[in-house]
Amino acid sequence: MKWLKNILIYLRNTIEIVIPAIAFSLMFIAFVIQVYYRYILDDPLAWTYEVTVVGFVWTLIFGAIYARRKDEHVAFSYIYDLVPEKVQFAFRVIGNLLVIVLIAIAFKPTYEFIQFMEMSETTTFNIPYNIVYFPFLILMVMLVFYSVKDIIVDLKNIKN
C-alpha cells in the first residue's frame with residue numbers, strides 16, 4: 001500500500017509542480033524569442049504566440065491546484081478573522097461544501113464543452129483545443145479533493 005501512496009504523491013507533485021514549471025519555462029522562452037524576432041529582427045513568429053498562450057493557461061491552472069494545496073490563495077478574511085472560532089469552522093465547512101456542490105453541478109457541462117472543443121484546433125500546431133483546456137477538468141477534480149480533505153481535517157479537529 002505504501003507504493004501506491006508514493007505513486008500518488010509523485011503524480012500529485014508532477015501535476016502541481018513539474019508541469020506548471022515546464023509550462024512556465026516554455027512560455028518564458030517562447031516569449032523572449034517572440035520579442036527578439038518581432039522587435040529586433042522585425043519578423044514575428046506565429047508559433048511563439050501559441051506556445052505563450054498555452055503555457056500561460058497550463059501554468060495558471062496547474063499552479064492554482066498547487067496554491068490550493070498549500071492554502072495560499074488570496075483571501076479577504078477581515079470578517080472571518082473577527083468572528084469566533086466556531087463561526088470560522090462553519091464558514092470553512094460551508095465554503096468547502098459550496099465548492100464541492102458547484103463543481104459537481106458544473107463538471108458534466110464543462111466536460112462536454114471541452115470535448116466539443118475537439119473540433120477546433122490551434123492555428124500553428126493544430127492541437128485540438130480539448131487538449132489545451134483539459135487541465136481545467138483536473139483542476140476541478142483536485143479542488144473537490146482538497147475541499148473534502150479540508151472538511152475531514154476540520155471535523156477531526158472539532159472532536160478534539
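Where is Thr48 found? In this predicted model, Thr48 is found in helix 2. Thr48 has a relative accessibility of 0% and therefore counts as buried, the limit for that class being under 20%. Leaving out residues up to four places away in sequence, Thr48 touches Ala30, Ile33 and Gln34. Helix 2 covers residues 46-69 and also holds Val53. In contrast to Thr48, which is buried, Val53 is partly exposed, at 35% relative accessibility. Val53 and Leu41 are 12 residues apart along the chain, and 22 Å separates their C-alpha atoms.

Confidence in the model was considered next. The protein chain has a mean pLDDT of 93, and 99% of its residues reach 70 or more. Among the elements of the chain, the highest mean pLDDT, 95, belongs to helix 4, and the lowest, 86, to helix 3 (residues 78-82). Where pLDDT is low, the predicted coordinates should not be read in detail.

The largest nonpolar core is made up of 7 residues: Val57, Ile61, Phe62, Ile65, Leu139, Met142 and Tyr146. At least two residues of this core come from helix 2, and at least two from helix 6 (135-159). The greatest contribution is that of helix 2, which gives 4 residues. Leu139, one of the core residues, is in contact with Ile61, Ala64 and Ile65 when neighbours within four places in sequence are set aside.

The count of salt bridges comes to 4. Among them is the pair formed by the side chains of Glu16 and Arg69, with an N to O distance of 3.0 Å. Glu16 lies in helix 1 (residues 2-40) and Arg69 in helix 2, so this salt bridge ties together parts that are 53 residues apart in sequence. Both Glu16 and Arg69 are buried.

A further salt bridge joins the side chains of Asp150 and Arg68, at 2.8 Å from N to O. This pair links distant parts of the chain, since Asp150 is in helix 6 and Arg68 in helix 2, 82 residues apart. The two partners fall into separate accessibility classes: Asp150, with a relative accessible area of 23%, is partly exposed, whereas Arg68, with 12%, is buried.

The side chains of Asp154 and Arg92 also meet in a salt bridge, with 3.0 Å between N and O. Here the link runs between distant parts of the chain, from Asp154 in helix 6 to Arg92 in helix 4, and the two residues are 62 apart. Asp154 is buried, with a relative accessible area of 9%. Arg92 is partly exposed, with a relative accessible area of 29%.

Helix 4, which holds Arg92, spans residues 85-116 and has 32 residues. The distance from its first C-alpha to its last is 45 Å, close to the 46 Å expected at 1.5 Å a residue. Helix 4 nevertheless bends by about 40 degrees at Phe107. A proline, Pro109, follows the bend within four residues. The buried residues of helix 4 are Gln88, Phe89, Val93, Asn96, Ile100, Ile103, Thr110 and Ile114.

Backbone angles were examined in the loops. Most residues other than glycine have a negative phi. Asp42, however, has a positive phi, near 55 degrees, and is not a glycine. Asp42 is placed in the loop between helix 1 and helix 2. With a relative accessible area of 65%, Asp42 is over the 50% limit and is therefore exposed. Asp71 likewise is not a glycine and has a positive phi, of about 55 degrees. The loop that contains Asp71 lies between helix 2 and helix 3. Asp71 counts as exposed because its relative accessibility is 63%.

Note on methods
Residues numbered from 1 in each chain as written. Predicted model: local features only at pLDDT ≥ 70, side-chain atom pairs only at ≥ 80, totals over all residues. Heavy atoms only, no water. Buried < 20%, exposed > 50% of the residue type's maximum accessible area, 1.4 Å probe, protein only. Expected span 1.5 Å × (residues − 1). Bend = angle between axes of the 7 residues up to and from the residue. pLDDT = per-residue confidence, 0-100. Core = buried A, V, L, I, M, F, W, Y, C linked by side-chain atoms within 4.5 Å. Contact = heavy atoms within 4.5 Å.
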